Amino acid sequence: RLLIEPVPAIVWTTDRSLRFTSGLGGGQASFGLRAAPGTSLSDHYGDHNPDAVRAHQLALGGESVSFEHVWEGRAFQTRVEPLRGDKGEITGCIGIAVDITERKHAEEALYREKERAQVTLASIGDGVIRTDATGRIDYLNPVAERLTGWKAEEAIGHTVPEVFQVIDEITRKPLADPVARCLDEGRAVESPGHAVLISQEGKEFSVRDSTAPIYDRSGAALGAVLVFKDVTQLRGMEREMVYLASHDALTGLINRREFEVRLKRAIRGARAERRRHVLLYLDLDEFKVVNDTCGHLVGDEMLKQITALLRSRVRRSDVLARLGGDEFGVLLEDCPLDQSRQIAEEMRRTVREFRFCWREQVFEVGVSIGLVPIDGDSGDLAHVMSAADAACYVAKDRDRKS
């Protein structure tokens with residue numbers, strides 16, 4: 001009695017007629033057992049709890065029965081067993097009911113909180129992968145399912161590298177497991193560089209990801225959560241911006257800024273490694289006539305066709321650029337002077353033989369080319385470009401006189 005009375009539970013016994021013979025415990029009031037011994041079980045429950053009556057009947061047959069039930073707004077966990085006499089005969093039932101109302105309320109609150117968390121994770125636009133303390137996956141949200149190609153039920157129990165397969169965008173080498181690193185270092189980590197996620201179907205997505213550890217109240221690691229975003233479109237825009245920053249939008253050739261960067265590099269290489277290069281500076285003749293006669297759109301079309309011709313006359317290792325307007329530059333790296341003169345002559349002849357047709361008009365276009373060797377004594381970028389421009393002017397003036 002000293003043990004049972006303080007707790008929210010009740011212990012009772014019945015005879016074979018299912019009449020109460022005793023009752024102990026602080027839960028008697030909530031359980032509703034206020035009647036004196038001798039009260040019938042059926043009278044006590046009435047028609048409100050047939051499971052309890054049935055459990056006592058099964059106990060009289062020798063079975064042990066456990067069940068949960070609600071009585072007068074309170075929840076109980078109940079167990080009923082047969083009560084045996086000195087010779088082992090069944091003399092009645094003995095039962096115990098523990099008031100679990102508060103536990104049920106806590107479970108319901110926890111369930112609602114879990115449901116809110118699950119709905120939140122399912123509705124956000126990022127992929128979420130959660131793991132246990134060993135790095136095994138125990139949850140994927142729908143975005144993670146879509147990007148990885150794995151269903152949540154299939155991924156549970158797998159390691160992160162098996163499901164979240166990421167490689168370096170440039171080297172194409174697999175990246176380290178971010179969850180393993182996070183759990184080892186005990187801190188949030190972000191994957192370095194540009195990562196590419198390869199899905200189960202072989203699709204590729206550019207992603208950015210971060211991983212953070214999960215701790216319990218005592219500070220023990222429970223696992224980690226990996227969050228990743230699909231940045232494929234953004235990465236494509238970044239690459240396009242980088243391309244446009246270094247290329248001419250009309251012709252697709254590198255622009256003057258990028259050409260000067262490469263020319264500076266070539267000048268440094270010629271000075272430090274005693275290499276020899278050649279710079280060609282091209283200026284189209286009569287291009288203004290096409291623009292003035294037919295308009296700039298037609299002039300742009302002619303520039304694109306001439307670009308294709310110039311591409312066909314340079315080596316794969318050479319650098320062809322549009323410097324602006326009707327001016328082009330060619331960097332012939334590690335090219336002997338005689339061969340560079342031959343390349344320049346072929347380019348001049350190809351452009352001279354080109355006929356640009358627009359409607360019923362036919363235009364002839366020429367090109368003047370200035371050639372400047374680059375070696376250890378060539379000076380800086382400004383000096384080389386100035387020399388090339390002067391050589392091109394001399395060539396243009398010579399063509400006019402001839």
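How many bridges pair β10 with strand β11 (residues 204-215), and in which sense, parallel or antiparallel? I looked this up and found 4 bridges in the antiparallel sense, where two strands pair if DSSP finds at least two bridges between them, and where helices (H or I, at least four residues) and strands (E, at least two) are DSSP runs numbered from the N terminus.

Before going on I noted that this is a predicted model, in which local features need pLDDT of at least 70 and side-chain atom pairs count only at pLDDT 80 or more, while totals for chains, interfaces and linings use all residues. Residues are numbered from 1 along each chain as its sequence is written, and side-chain values use heavy atoms, with hydrogens and water left out.

**Around β10.** I saw that Ile198 stands opposite Glu204 in β11, and that β10 and β11 form a hairpin with 5 residues between them, Gly202 in the turn having a positive phi of about 95°. I then followed β10 (residues 195-198) to strand β8 (residues 165-168), with which β10 pairs in the antiparallel sense over 4 bridges, Gln165 standing opposite Ile198.

**The open sheet.** I traced 5 strands in the order β2-β1-β5-β4-β3, with antiparallel pairing. Because β2 (20-24) and β3 (65-71) stand at the edges with a single partner strand each, one side of each is left without a neighbour in the sheet. Within this sheet I counted 7 bridges joining β1 (residues 9-15) to β5 (residues 90-99), and I noted Trp12 opposite Gly95 in β5.

**Helix α12.** I checked the length of α12 (residues 296-311): at 1.5 Å a residue its 16 residues should span 22 Å (1.5 Å times one less than the number of residues), and the end C-alpha atoms are 22 Å apart, which agrees. Its buried residues (under 20% relative accessible area, with exposed over 50% and partly exposed in between, 1.4 Å probe, protein chains only) include Val298, Met302, Ile306 and Leu310. Among the elements that cover them, through contact (heavy atoms within 4.5 Å), I listed β13 (277-285), α11 (287-294) and α13 (337-353).

**Cores.** I looked next at the largest nonpolar core (buried Ala, Val, Leu, Ile, Met, Phe, Trp, Tyr and Cys residues joined through side-chain atoms within 4.5 Å), where, of 29 residues, those touching the most other members include Leu280, Met302 and Met347. I found that α12 gives the most to this core, with 5 residues. Not counting residues up to four places away in sequence, Met347 touches residues including Leu282, Arg313, Val330 and Ile369. I also recorded a second, separate core of 23 residues, which includes Ile129, Trp150, Val166 and Leu226.
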